[in-house]
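Me: I am new to this structure and should be grateful for a close look at a single part of it. Please choose one chain and describe how it is divided, how its strands and helices are arranged, and where it meets its partner.

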Amino acid sequence: MSRVEAQPVLSIRLRVNGKDQAVRIPSYRTLLDCLRSDLGLTGSKEGCGVGVCGACTVLVDGKMISSCLYLAVMADGAEITTVEGLAADGRLHPVQQAFVDHGGFQCGICTPGQVVAAKALLDANPSPSEADIKDWMMGNLCRCTGYYQIIESIKHAAATSAAAGKPAAGGAAGRP
Amino acid sequence: MIPFEYRTPRTLDQALAHLREFGEDARPLAGGTALVLMMRQRLIRPACLVNIRGVAGLDRIEHANGTVEIGACATHRDVETSALVRARLPVLADTYHHVGTIRIRNVATVGGGLAHADPNQDAPVTLLALGARVRVRGPQGERQVALDDFFTDYYQTSLAAGELVAGVSVPVLGPRTGAAFLKFLPRTADDYGTVTAAASVTLDAAGERCEAARIALGCVGTTPVRAAAAEDLLRGQRLTDDLLRAAGDAANGGLDPIGDHRGSAAYKREMAAVFLGRAVRAAWARARASAADTR
C-alpha cells in the first residue's frame, strides 16, 4: 500500500474519440496502456513494444504516433483517436468498410493500427498514389496479407470517399 | 518502467531549475521516442522527466542571418515538411524524411535526436556536413558548440549536467555549393543504415574544381565522424572516378566501425568508401547546377 502511495500519480485530461476523460495514472504509464487498461479501449494492440510494428498506432491531435512509446502524461489535454472512434452512427468508416470488402486483413492483430494509419493518410491526402500509400503505410507491419490487399483497400476507401463527395475523415473524431 | 517525477515547465529557466533540482537523475523529455524506449528496456532509470515541449517557441524553424535556426522541440516531420528547410536546405529535409517511420518522425525531435547521440542516426551526419552548431542552454546561459565537438563517445555528448539542447543552427548553402545524403539500407526502409554518408561540396568560380568539401559518415564508429582526409584530397581537384575512389580509401583507413547485424566491421568500412564516393558525386552535381544558376 505504502509503495503504491509513494508512486507519483498524476491527473490528466484526454479527449478520446470525442469524449472527455479524466484519468489518474502513474507517471510511467504509456498512452497505449492507459487506453487499454484505464479506459478499456482494447482495440489498439501492443505488438513489438518498441515503436516499430505499428499495431499501437493512434492519432494524437490528428497525427499518428506509436502509443507504446508515448507516455500518457505527454498526451495531457490532447485529442486522441483510436480505432474505436472511426465508426459512427452504426456505420463503419470508409477505410474499415474497404478493408472488409477487399480483404485488407486476415488474422487481424495489425488491423486497428492499419486502419488508423490509413485514416490519417486520407485525412492528409484524400487521393494518394500507390507510392504515397506505400510511403505512408511503410511502418505498419502485416504478416498475413502480403500488403497488396491493404493497398487495394486504401485505394478503394479513397475512391469511395471521393465518390461520396466528402473526405474520408468520417467518424466521431472527424467532427469539429 | 520505474516511477519518476514529472515536470512541465513553461519556460527554459523553469526547465533548467527542475534539472538542477534532480541533478544527474533528471532527463529532459521532448518526443520521448528514444528516452521512453531506453526506460522500458531498463537501460536508464531517471528520477525525474522534465517535459520541455510546453516551453513556448522551442519548436520554431526560422531563417536568420545566413542560417536556419531549428528549435530543439521541432519534430523530424516538422523539418521534413518545412517550406523553409525545403527551399534553403533540401538535403536536410531529405535526411529527416529517411528517419524511421512517419509515426516516429511525428514525435521524435531535433534536439532529442542530438542529445540521444546514437551513432547510427541519420540527421547528425548531414548536420555535420553542413557545419551545424548546437545551441546549448545551461545555468550560465547559452553556449554554442560546433557539432564536430558535440558527440564525444557512444551515446555521449559534451552536454554537462543541468544543460539541455535548445536548438541547432544550420548555415544555408553558399554559392556554387551542393549537398547530398545517402543511406545504405539493405534491410527494411525504416531501419538504421548499414552506413550513411553526407557531403557538401563547394566549387571554384569556374564551377570545375572543388574549392572546399565537408564529408561525414554515420554507423561507422562510436560517434558520427568527419572524413577529413577525404576532404583534403578533394580540395583543388576536378571530379574523376579515381579521385572519388582515392577519397573513399582515405576515409576507410581511419574508420573503426562496430560490426552488428547490419554488417560486419569490414563490410561497413568497404561500404563507407563506396557511399562516400556516391555522396560526393551527388553533392558535386548539385554544386555544378548551383554554379550554373549563378553564372
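Reply: The account below follows chain B from its domains to its sheets, then to one helix, and finally to its contact with chain A.

The structure is a predicted model, in which local features need pLDDT of at least 70 and side-chain atom pairs count only at pLDDT 80 or more, while totals for chains, interfaces and linings use all residues. Residues are numbered from 1 along each chain as its sequence is written, and chains are lettered from A and ligands numbered from 1 in the order in which they are written.

Domains. Chain B has a domain 1 (5–51), a domain 2 (61–171) and a domain 3 (177–294), with bounds that come from an automatic or database domain assignment. The centres of domain 1 and domain 2 of chain B, taken over C-alpha atoms, are separated by 19 Å. Where these two meet, 12 residues of domain 1 of chain B and 17 residues of domain 2 of chain B take part in the contact; two residues are in contact if their C-beta atoms, placed from the backbone, lie within 7 Å. On the side of domain 1 of chain B that touches domain 2 of chain B, helix H1 (12–22) and H2 of chain B are the elements that give two or more residues. Helices (H or I, at least four residues) and strands (E, at least two) are DSSP runs, numbered from the N terminus. The greatest share on that side of domain 1 of chain B comes from H1(B), with five residues. By class, this side of domain 1 of chain B has seven nonpolar, three polar and two charged residues. Here Ala, Val, Leu, Ile, Met, Phe, Trp, Tyr, Cys and Pro count as nonpolar, Asp, Glu, Lys and Arg as charged, and the others, Gly among them, as polar.

Strand pairs around S6(B). Strand S6 (residues 133–138) of chain B pairs with strand S7 (residues 141–146) of chain B in the antiparallel sense, over six bridges; strands are said to pair if DSSP finds at least two bridges between them. The link from S6(B) to S7(B) is a hairpin through two residues, and Gly138(B) has Gly141(B) in S7(B) as its bridge partner. S6(B) also pairs with strand S10 (residues 164–171) of chain B, again in the antiparallel sense, with five bridges. In that pairing, Val136(B) faces Val165(B) of S10(B).

The four-stranded sheet. An open sheet of chain B is built from four strands in the order S11-S12-S13-S14, with antiparallel pairing. S11 and strand S14 (225–226) of chain B each have a single partner strand and stand at the edges, so one side of each lacks a neighbour in the sheet. Strand S11 (residues 177–184) of chain B is nevertheless mostly covered, with seven of its eight residues buried. A residue is buried if 20 or more other C-beta atoms lie within 10 Å of its own, exposed if 12 or fewer, and partly exposed in between, the C-beta atoms being placed from the backbone. S11(B) is joined by eight bridges to strand S12 (residues 195–203) of chain B, and the two run antiparallel. One such bridge partnership links Ala180(B) with Ala199(B) of S12(B). S12(B) is also joined to S13(B) by eight bridges, and this pair too runs antiparallel. There, Ala198(B) is opposite Ala216(B) in S13(B).

A helix beside S13(B). Among the elements that cover the buried residues of H10(B) are strand S13 (210–218), helix H9 (228–234) and helix H11 (265–294) of chain B. Helix H10 (residues 241–252) of chain B, with 12 residues, reaches 16 Å from its first C-alpha to its last, close to the 16 Å expected at 1.5 Å a residue; the expected span is 1.5 Å times one less than the number of residues. The buried residues in H10(B) are Leu244(B), Ala247(B), Gly248(B), Ala251(B) and Asn252(B). They lie on the same side of H10(B), because they cover an arc of only 135° around the axis. The arc is that of the directions from the helix axis to the C-beta atoms.

Contact with chain A. In all, 20 residues of chain B are in contact with 24 residues of chain A. On the side of chain B that touches chain A, strand S1 (5–7), helix H2 (33–40) and helix H6 (102–105) of chain B each supply at least two residues. H2(B) gives the most to that side, namely four residues. By class, the side of chain B that touches chain A comprises 11 nonpolar, five polar and four charged residues.
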